[in-house]
Amino acid sequence: MSESTRLRRRQLPRQNHLWLRPPGGTFYAYRVIRDSLRSVPQGEVDVTAPISIDGLSFVAPDDPAMPMYRILANLRRPVALRDLMIAPVRSGYVGDGHPQDPTLVPMTGAEAVPNVHVDDVYLPVTDGVARCQLYRPAAAPADQHLPVIVYYHGGGFTVGSSDDCDFLSRKLAFTNNAVVVSANYRMAPEFPFPTPFDDAYGVYSWVVDNTHKIDADSARIAVVGDSAGSTLAAAVPLRAHDEAMRLPDAVVLLGAFTDFQYERWESFRELAPHGIVYDTAFMGFIRGAYLSNTPWNHPWASPIAGDLNGYPVAFVAAGTHDPLVDSARAFAQKVRDAGGTAIGHFPAGMPHGYYFFPNVFPQEDTVYRLVATTLAEAFARPRAR
């Protein structure tokens, strides 16, 4: 709940909601999130909380290779390259602390899309719970069950969190008049595939079975992901089909990433070596970190390799300056070839993540409007049984 909406409120007796009024607005009702979702249940652990580890490797003291490892340990810290490489990847993602030009700092999500309530919730996944963030438009009546969007953040499976994507989640909630469940998941290389996908799918599964607990409509469910999150979102329908789970009504892929065999695409070979948002070196690192023991063409890792018959309505977006654009186009076409509906959106000159910051590109607003149109049409379709 934003600070502005805290200014005028009174709790009604014996009812599970608050009356709120934003400045200059009218009163509206907002349901209180169940207390059971607001905290980590007793005896459980938030598996998505950041952890500090002393390296990813363990060597038994009696390992016959120990003399070599001692020499390496004397030459470098950490010893294993995967431990050495993840530190600059993560510090580079959040910045190195250098002074910033305030004119280049974008608006926060709350500044850009203020009239959205945000709550932390803890949803069950394998081994514990995952901290997620629940977004709901402030103007939505309390008794209205809204469509629900399960959203997965990007970051190459190695960095990022739902907090980083506050603007994106707010915009999805506001432009679709929907509840957005922004899911966190465990990260590679500490937790390689399938653990991050298990977490992502676990959140989706919970939402399917518990829409009533978040004032959402079980008949209107979509999954959305950006960048690495789009890989997770694209794979959800494949696993849901395999496990006889309700499929989402639509899938939205922003900065669509559906193929870990990315070198086969001309746009990747041309653009990634000199990439700025990400480059060939980063892509090689995340592939080794995430798919350390998994074939690159596993359909839950590279959804373009999956059976797309019966796939939900898909919205697939990537800028033409994104090295992944050719594979994004190919995924959309494969959905169509399988008899499905895919809307491709590939704005000229746009880089990877052009939709991430408010008011940087006019194309940012355009893609959210197109997503809203696609979801409204998908939600209006009769569901396949």
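At roughly what angle do the axes of helix H7 and helix H8 cross? Select residues 195-209 for H7 and residues 228-242 for H8 in this predicted model. Their axes come within 10 Å and cross at roughly 70°. At that angle H7 is roughly perpendicular to H8, and the crossing is right-handed.

**The whole chain**

Zoom out before going further. The chain has 385 residues, and 51% of them are buried. There are 12 helices and 11 strands to colour. Among the contacts with a separation of 6 or more, 74% are between residues 24 or more positions apart.

**Where H7 meets H8**

Return to the two helices and show side chains. On H7, select Phe-197, Asp-198, Ala-200, Tyr-201 and Tyr-204. On H8, the residues that meet them are Leu-232, Ala-235, Val-236, Arg-239 and Ala-240. By type, the residues of this contact are eight nonpolar, two charged and no polar.

**The sheet**

Next, display the strands. Eight of them form an open sheet with mixed pairing, in the order E4-E5-E7-E6-E8-E9-E10-E11. Its edge strands are E4 (116-125) and E11 (342-345), each of which pairs on one side only. From one strand to the next, the twist averages 20°.

Now add helix H12, residues 362-380, which packs on the sheet. H12 touches E6 (146-152), E8, E9, E10 and E11. The direction of H12 makes about 170° with that of E10.

**Strand E10 and its partners**

Select residues 313-317, which are strand E10. How many of the five residues of E10 are buried? Five of the five are, and the strand is mostly covered. Which way do they point from E10? Val-313, Phe-315 and Ala-317 point one way, while Ala-314 and Val-316 point the other way. In a regular strand, side chains alternate between the two faces of the sheet.

On one side, colour E9, residues 250-254. E9 and E10 run parallel and are joined by five bridges. Two pairs to label are Leu-253 with Val-316 and Leu-254 with Ala-317.

Then colour E11, which is also parallel to E10 and is joined to it by four bridges. Here, label Ala-314 of E10 and, opposite it, Ala-342 of E11.

**Val-224 in strand E8**

For the last stop, select residues 216-226, strand E8, and pick out Val-224. Is Val-224 buried or exposed? Its relative accessibility is 0%, so Val-224 counts as buried.

What surrounds Val-224, leaving aside its neighbours within four places in sequence? Show Ile-149, Val-150, Tyr-151, Tyr-152, Leu-172, Ala-233 and Val-252, which are in contact with Val-224. Of these, Val-252 is worth a distance label: 28 residues separate it from Val-224 along the chain, yet their C-alpha atoms are 4.6 Å apart.

Key
Residues numbered from 1 in each chain as written. Predicted model: local features only at pLDDT ≥ 70, side-chain atom pairs only at ≥ 80, totals over all residues. Heavy atoms only, no water. Buried < 20%, exposed > 50% of the residue type's maximum accessible area, 1.4 Å probe, protein only. Contact = heavy atoms within 4.5 Å. Axes fitted to C-alpha atoms, helices over the stretch in contact; angles between N-to-C directions. Parallel < 35°, antiparallel > 145°, perpendicular 65-115°, else oblique. Left-handed = near helix turned anticlockwise from the far one by under 90°. Nonpolar A, V, L, I, M, F, W, Y, C, P; charged D, E, K, R; others polar. Pairing = 2+ DSSP bridges.
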